[in-house]
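Q: I'd like a close look at one thing here: how the helices pack against each other. Please go through it pair by pair.

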Amino acid sequence: MLTIVATPIGNLLDLPQRAVQAFAEADIIACEDTRQTRKLLSLTGTLTKAQLLPYHDHNGAKMRPKLLTALSNGKKVVLVSDAGTPLISDPGYKLVAACHEGGIIVTSIPGPTAPIIALTMSGLPSDKFAFQGFVPAKKSAAAQALEASAQLDMTQIWFESARRLPTTLDLMLQAYGERLCVIARELTKLHEEIERAPLTVLAEKYQTAPPPRGEIVILVEGASAFHHAVSDDAIIALLSDALETHSVRDAVQQVEALTGAKKRHIYQLALTVQQKQPTPPDDSAASD
Ligand code: SAM
């Protein structure tokens with residue numbers, strides 16, 4: 001049997017009790033990095049006679065047949081990653097697939113995983129969500145990936161390095177428009193922190209503030225959530241400001257970008273506002 005074992009993402013007390021038992025009974029522990037797993041075993045005082053073997057993206061093709069042979073010979077194999085749940089932006093799915101194809105039983109000892117911890121702490125809708133993995137490192141690929149997810153009507157969960165946070169927030173603002181965003185940092189650790197604010201606010205903050213330290217997950221509201229959340233009063237307030245210096249067409253465009261509300265609806269509100277407050281430039285061409 002292959003047992004997938006989740007390990008802590010910060011707080012060592014989060015090591016599942018059943019994980020300790022699985023380590024003790026294992027013949028082989030397939031580790032993303034054997035040094036990390038040794039450290040975990042030593043810090044948690046977990047005893048095992050298992051052989052620790054590396055299993056990662058670079059040696060997977062070579063290691064899979066070895067692990068499958070051991071499993072077929074009745075050995076107990078445990079799969080772990082450096083932290084959290086294996087396979088979640090970590091190696092393992094090809095091994096699991098190969099086990100199913102080879103008639104080997106797969107089981108799991110569940111435990112911490114950063115995207116789900118972040119989602120439950122975010123206060124964003126959790127009924128539907130899309131875990132998107134890492135934001136691509138190249139700016140053009142990142143912009144493309146964010147664009148591709150912009151219409152999804154569910155909370156988006158992204159892994160990102162803290163260093164790239166400022167650039168990524170800018171790209172998110174361009175792709176998503178204004179939405180509620182949550183940065184979940186150092187989860188389960190001493191400096192655990194949740195920052196929750198509209199994308200514009202966070203993007204502006206990190207233009208000047210130094211990027212945060214440690215590990216982060218970025219979550220953004222789905223396509224329609226923010227639009228529903230923006231009240232007509234808020235839209236009217238934004239329009240009133242914008243109409244002081246812009247044509248109806250430009251004001252509507254600006255408020256659409258800020259709120260993501262439907263253009264037709266903003267335009268109707270703009271006409272009401274305009275009746276009370278004459279606007280300077282001519283905008284007879286405005287339409288939805
Ligand atoms: N398999 C892991 C899991 O289940 O959480 C995720 C591994 S992935 C290679 C590592 C990424 O997860 C980090 O770059 C960060 O985005 C996120 N992450 C891991 N631990 C975290 C923590 N304590 N707080 C916030 N984000 C974390």
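A: Let's start with H3 and H4, which make a right-handed crossing (the near helix is turned clockwise from the far one by less than a right angle; anticlockwise would be left-handed). Keep in mind that this is a predicted model, where local features need pLDDT of at least 70, side-chain atom pairs count only at pLDDT 80 or more, and totals for chains, interfaces and linings use all residues. Residues are numbered from 1 along each chain as its sequence is written, and side-chain values use heavy atoms, leaving out hydrogens and water.

H3 covers residues 60-72 and H4 covers residues 93-101 (helices are DSSP runs of H or I, at least four residues, numbered from the N terminus). Their axes sit 11 Å apart, at an angle of about 40 degrees (axes are lines fitted to C-alpha atoms over the stretch in contact, with angles from 0 to 180 degrees between N-to-C directions). H3 and H4 are therefore oblique to each other (under 35 degrees is roughly parallel, over 145 roughly antiparallel, 65 to 115 roughly perpendicular, the rest oblique). On the H3 side, Arg64, Leu67, Leu68 and Leu71 make the contact, and they meet Lys94, Leu95, Ala98 and Cys99 of H4 (contact means heavy atoms within 4.5 Å). By type, that H3 to H4 contact has 6 nonpolar residues, 2 charged and no polar (Ala, Val, Leu, Ile, Met, Phe, Trp, Tyr, Cys and Pro are nonpolar, Asp, Glu, Lys and Arg charged, the others, Gly among them, polar).

Next along the chain come H6 (residues 139-149) and H7 (residues 165-176), with axes that come within 9 Å and cross at roughly 40 degrees. That angle makes H6 oblique to H7, and the crossing is right-handed. H6 brings Lys139, Ala142, Ala143, Leu146, Glu147 and Ser149 to the contact, while H7 supplies Thr167, Thr168, Leu171, Met172, Gln174, Ala175 and Tyr176. Sort the residues where H6 meets H7 and you get 7 nonpolar, 4 polar and 2 charged.

Last, take H10 (residues 232-245) against H12 (residues 263-276): the angle is about 60 degrees and the axes are 9 Å apart. That makes H10 oblique to H12, and H10 passes H12 in a right-handed crossing. From H10, look for Asp232, Ile235, Ile236, Leu239, Ser240 and Leu243; their partners in H12 are His265, Ile266, Leu269, Ala270, Val273 and Gln274. The contact of H10 with H12 splits into 8 nonpolar, 3 polar and 1 charged.

Methods
Helix = DSSP H or I, 4+ residues; strand = E, 2+ residues; numbered from the N terminus.
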